[in-house]
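Reader: I have the sequence and the coordinates open, and I would like to go through some side chains and a pocket with you. Could you take my questions in turn and show the reasoning behind each answer?

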Amino acid sequence: MVIAVVALILGILLGGFILIPRTLSKSAQVEKVDSSNTRKKEPRLCNKAEISLHDKRTDCWIIIKGKVYDVTSYVEVHPGGDAILSHAGGDATEGFYGPQHASLVYDMVDEFYIGDLEQ
């Protein structure tokens, strides 16, 4: 009788360890898919006058090779400190392609893309 109770308890515990991680990973996948869908917006055309209005730490857009990026959420974690703000609201192409940036940054910037510079 004692063996049957111990076996039942172990079965319940092991079942919990197997089922709980699967449930958590499925909900995490759903959350990940949902958040990626809300982040993607249709690219827009922006003119220099509009971009120049976004020149603050709390609202920072930059232009890199004719593409516009909203880097507001990145300003506080930028490894170069406030250097990113020297190009806020303007063209940051030269600074972006400087020797201080690792090649990783070229892939990372795509997550901040919001549109193209109007010619």
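Reader: Is Tyr69 buried or exposed?

Author: The model is a predicted one, and the value is computed from its atoms. A residue counts as buried when its relative accessible area is under 20%, and Tyr69 has a relative accessible area of 5%. Tyr69 is therefore classed as buried.

Reader: Which class of accessibility does Tyr113 fall into?

Author: The class between buried and exposed runs from the 20% limit to the 50% limit. Tyr113 has a relative accessibility of 27%, so Tyr113 counts as partly exposed.

Reader: What is the geometry of the aromatic pair that Tyr69 and Tyr113 form?

Author: By the rule used here, the count comes to five aromatic pairs, and one of them is formed by Tyr69 and Tyr113. This pair links distant parts of the chain, since Tyr69 belongs to strand 4 (residues 67–70) and Tyr113 to strand 6 (residues 113–117), 44 residues apart. Planes over 60 degrees apart count as edge-to-face. With 5.9 Å centre to centre and 65° between the planes, the geometry is edge-to-face.

Reader: How are the rings of Tyr97 and Tyr106 arranged?

Author: Tyr97 is partly exposed at 40% relative accessibility, and Tyr106 is also partly exposed, with a relative accessible area of 29%. Together with Phe96, these two tyrosines form one aromatic cluster. Planes under 30 degrees apart count as stacked. The ring centres of Tyr97 and Tyr106 are 5.4 Å apart and their planes lie at 15°, so the pair is stacked.

Reader: Which residue has its charged end over the ring of Tyr97, and at what distance from the ring centre?

Author: The residue lies in the loop between strand 3 and strand 4, and at 59% relative accessibility it counts as exposed. Its backbone has a positive phi of about 50° although it is not a glycine, whereas most residues other than glycine have a negative phi. The residue whose charged end sits over the ring of Tyr97 is Lys65, at 5.0 Å from the ring centre.

Reader: Which residues does Thr93 touch, not counting residues up to four places away in sequence?

Author: Thr93 has its place in helix 4, and because its relative accessibility is 18%, it counts as buried. With sequence neighbours up to four places away set aside, the residues that Thr93 touches are Ile63, Ile64 and Lys65.

Reader: How many Å apart in space are Thr72 and Thr58, C-alpha to C-alpha?

Author: Thr72 lies in helix 3 (residues 72–75), and leaving aside neighbours within four places in sequence, Thr72 is in contact with Arg57, Thr58, Asp59 and Cys60. Thr72 and Thr58 are 14 residues apart in sequence, while their C-alpha to C-alpha distance in space is 6.0 Å.

Reader: Which element gives the most to the lining of the second largest pocket?

Author: The second largest pocket has a volume of about 360 Å³, and 21 residues line it, with His78, Ile84, Phe96, His101 and Val105 nearest its centre. The elements that give two or more residues to this lining are strand 3 (59–64), helix 4 (93–96) and helix 5 (104–108). With three residues, the element that gives the most is helix 5.

Reader: How many residues in the lining of the second largest pocket are nonpolar, polar and charged?

Author: Phe96, which is part of the aromatic cluster with Tyr97 and Tyr106, is among the residues nearest the centre of this pocket. Phenylalanine counts as nonpolar, and histidine as polar. The lining as a whole divides into 15 nonpolar, six polar and no charged residues.

Notes:
Residues numbered from 1 in each chain as written. Predicted model: local features only at pLDDT ≥ 70, side-chain atom pairs only at ≥ 80, totals over all residues. Heavy atoms only, no water. 1 Å grid on protein atoms, 1.4 Å probe; cavity = no way out; pocket = protein on both sides within 12 Å on 5 of 7 lines; lining within 4 Å. Points joined across faces, edges and corners; volume = space filled by probe spheres on them. Helix = DSSP H or I, 4+ residues; strand = E, 2+ residues; numbered from the N terminus. Phe/Tyr/Trp six-rings, centres within 6.5 Å; stacked < 30°, edge-to-face > 60°. Buried < 20%, exposed > 50% of the residue type's maximum accessible area, 1.4 Å probe, protein only. Lys NZ or Arg CZ within 6 Å of the ring centre and 35° of its normal. Contact = heavy atoms within 4.5 Å.
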